[in-house]
Amino acid sequence: MKARLPNKASTTRNASAVIRSRLTALLVFLTVAACAVPRAEAISFNLDSIAEWGKFPRFCVGVYRWGDKFFNSYDSTYVQGSGYRWNVKMKGDSWIDVYDFKFATDGYRMAMLSRPSTTAGFHLTYMAVSVGYDMNISKYFGGTAEARKRFNFQFNCSLFAADYSFVTNNIGTTIVRMGPPGDVRHTRINFKGIDTNSWSVALYYFFNHKHYSQGAAFYYSKIQTKSSGTLYAGLQFSGQQFNFNFSKLEEDLRPRLPNHWDNHYSVKNKNYGLKLGYAYNWVFHRGWTMGVSVAPIAGLRKGYINLPGENEDSFFLSGQMRASLVYNLNRRWFFGIVGRVNSDLIYDKEHTLIASDISVEVSAGFRFDLW
């Protein structure tokens with residue numbers, strides 16, 4: 001007898017049955033496994049949740065809460081937080097430097113004014129940490145393609161603030177005025193023989209720190225809800241290094257300097273000063289704050305003027321002034337303009353120089369939370 005072979009239809013039905021049975025078994029296994037695994041939950045960065053991770057995270061959260069209460073607490077009638085940890089800000093910043101000479105022998109005057117250096121960029125901030133990028137846009141408005149270097153760092157809490165700044169100019173400036181008394185004439189002489197840098201570090205304490213917030217007026221980190229002011233005091237350490245070479249100017253364009261200067265002017269010093277100032281935030285309408293801060297700095301200067309290597313001690317005097325107008329819309333959106341003037345007095349028996357850095361910053365930003 002011949003063996004009976006299964007037909008094609010029977011074979012297909014059997015294969016389909018096997019596949020269905022295996023898929024059913026796999027579905028049952030996955031269902032049981034899913035029921036056996038605990039439900040996953042989203043990671044939370046809430047402080048209470050972080051404290052539950054273990055002893056060390058709990059200790060860190062405790063230290064953070066103590067420090068935040070001690071260093072950054074305000075009377076909520078006067079100062080409040082925004083309620084958001086993050087903000088993104090678009091910022092434009094423009095600054096110039098001014099050098100105003102007066103000579104003691106005959107009252108001869110000379111003033112130099114640089115072209116504005118302007119930058120624009122975006123900054124992302126989480127609590128006290130900020131990162132950003134600014135690009136030089138001066139070249140698009142008739143300025144130089146090379147930007148003068150400038151850096152600022154600020155740290156603020158309710159009790160105190162710390163500032164660091166650094167600015168240079170080795171690109172050039174313009175002599176805008178010079179002459180003896182009664183014959184001071186306006187000029188426009190391009191002067192490239194300049195190489196200057198100035199820096200300062202300051203730490204100062206706010207006496208009325210429960211009612212006044214510097215961050216609300218100048219850094220958009222708090223919101224001033226009721227007008228208040230404060231005295232503040234601290235220490236400042238700073239330095240200047242100036243070099244002016246007038247010898248490359250045509251003879252009829254050179255300023256009349258003391259003969260032994262040989263058409264050069266150089267300064268290098270370090271300054272140790274006491275900073276004593278007053279600041280006031282005026283809340284003149286809901287959401288609007290106008291801030292003013294003025295501080296003279298006085299102390300000891302060590303360095304030389306036109307005599308490298310022959311350092312001498314002398315009296316140091318400087319001054320800082322800031323003003324701002326800030327608008328907070330629904331605590332999320334903020335807009336502001338901030339002006340700053342930093343001036344240093346350098347002098348000896350032959351001359352007086354007031355060197356100033358003047359800047360204006362315009363900002364617009366949005367506060368938010370990611371979790």
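Tyrosine 220 sits in the loop between helix 4 (214-218) and strand 11 (223-224). Its phi is positive, about 60 degrees, although tyrosine 220 is not a glycine. With a relative accessible area of 2%, tyrosine 220 is buried. Keep in mind that this is a predicted model. Here's a tour of the rest, topic by topic.

**The chain as a whole**

- The protein chain has 371 residues, and 37% of them count as buried.
- Its secondary structure comes to four helices and 17 strands.
- Look at the contacts with a separation of 6 or more: residues 24 or more positions apart account for 67% of them.
- About 22,200 Å² of the protein chain is exposed, and carbon and sulfur atoms supply 62% of that.

**Nonpolar cores**

- The largest nonpolar core is made of 22 residues, and the ones with the most contacts inside it are Tyr99, Phe101, Ile175, Phe244 and Phe246.
- Several strands each chip in at least two residues to this core: strand 2 (86-103), strand 3 (109-113), strand 8 (173-179), strand 9 (185-191), strand 12 (228-245), strand 13 (264-285) and strand 17 (351-368).
- Strand 2 provides the largest share of this core, with three residues.
- If you skip its neighbours within four places in sequence, phenylalanine 246 touches Met110, Met112, Ile175, Phe191, Arg254, Pro255, Leu257 and Asn263.
- There's also a second, separate core of 15 residues, with Tyr212, Ala217, Phe218 and Tyr232 among them.

**Cavities**

- Rolling a probe the size of a water molecule over the atoms shows where empty space is left.
- Searching the whole structure turns up two cavities of 30 Å³ or more.
- The largest cavity holds about 550 Å³ of space.
- Its lining has 36 residues, and Ser165, Ser200, Gln320, Asn342 and Asp357 are the closest to its centre.
- Strands that each give at least two residues to the lining of the largest cavity include strand 6 (150-156), strand 10 (194-206), strand 15 (312-329) and strand 16 (333-347).
- Strand 7 gives the most to that lining, with seven residues; strand 7 covers 160-169.
- By class, the lining of the largest cavity splits into 11 nonpolar, 17 polar and eight charged residues.
- The second largest cavity has a volume of about 30 Å³, and its lining consists of Tyr232, Lys275, Ser293, Ala295, Gln320, Met321 and Arg322.
- Strand 14 (288-305) and strand 15 each supply at least two residues of the second lining, with strand 15 giving the most, three residues.
- That second lining divides into three nonpolar, two polar and two charged residues.
- Spot the repeats: Gln320 is among the residues closest to the centre of the largest cavity and also lines the second largest one, while Tyr232 belongs to the second core and also lines the second largest cavity.

**The second largest pocket**

- This pocket has a volume of about 420 Å³.
- Its lining has 21 residues, and Tyr304, Ile305, Leu307, Glu312 and Asp348 lie nearest its centre.
- Strand 13, strand 14 and strand 15 each supply at least two residues of this lining.
- The classes come out as seven nonpolar, seven polar and seven charged residues.

**Where strand 12 ends and strand 13 begins**

- Asparagine 245 has its place in strand 12.
- Asparagine 245 counts as partly exposed because its relative accessibility is 23%, and the partly exposed class runs between 20% and 50%.
- Asparagine 245 and asparagine 263 are 18 residues apart in sequence, yet their C-alpha atoms are 6.3 Å apart in space.
- Neighbours within four places in sequence aside, asparagine 245 is in contact with Phe191, Gly193, Asn263 and His264.
- Aspartate 262 lies in the loop between strand 12 and strand 13.
- Aspartate 262 has a positive phi of about 55 degrees, although it is not a glycine.
- Aspartate 262 is exposed, with a relative accessible area of 53%.

**Threonine 119**

- You'll find threonine 119 in strand 4 (residues 117-126).
- Is threonine 119 buried or exposed? Threonine 119 is buried, because its relative accessible area is 13% and the buried class is under 20%.
- Leaving out neighbours within four places in sequence, threonine 119 is in contact with Lys91, Gly92, Asp93, Trp95, Asp134, Met135, Asn136 and Ile137.

Key: Residues numbered from 1 in each chain as written. Predicted model: local features only at pLDDT ≥ 70, side-chain atom pairs only at ≥ 80, totals over all residues. Heavy atoms only, no water. Core = buried A, V, L, I, M, F, W, Y, C linked by side-chain atoms within 4.5 Å. Buried < 20%, exposed > 50% of the residue type's maximum accessible area, 1.4 Å probe, protein only. Contact = heavy atoms within 4.5 Å. Areas by Shrake-Rupley, 256 points an atom, 1.4 Å probe, with all protein chains shown as cover. 1 Å grid on protein atoms, 1.4 Å probe; cavity = no way out; pocket = protein on both sides within 12 Å on 5 of 7 lines; lining within 4 Å. Points joined across faces, edges and corners; volume = space filled by probe spheres on them. Nonpolar A, V, L, I, M, F, W, Y, C, P; charged D, E, K, R; others polar.
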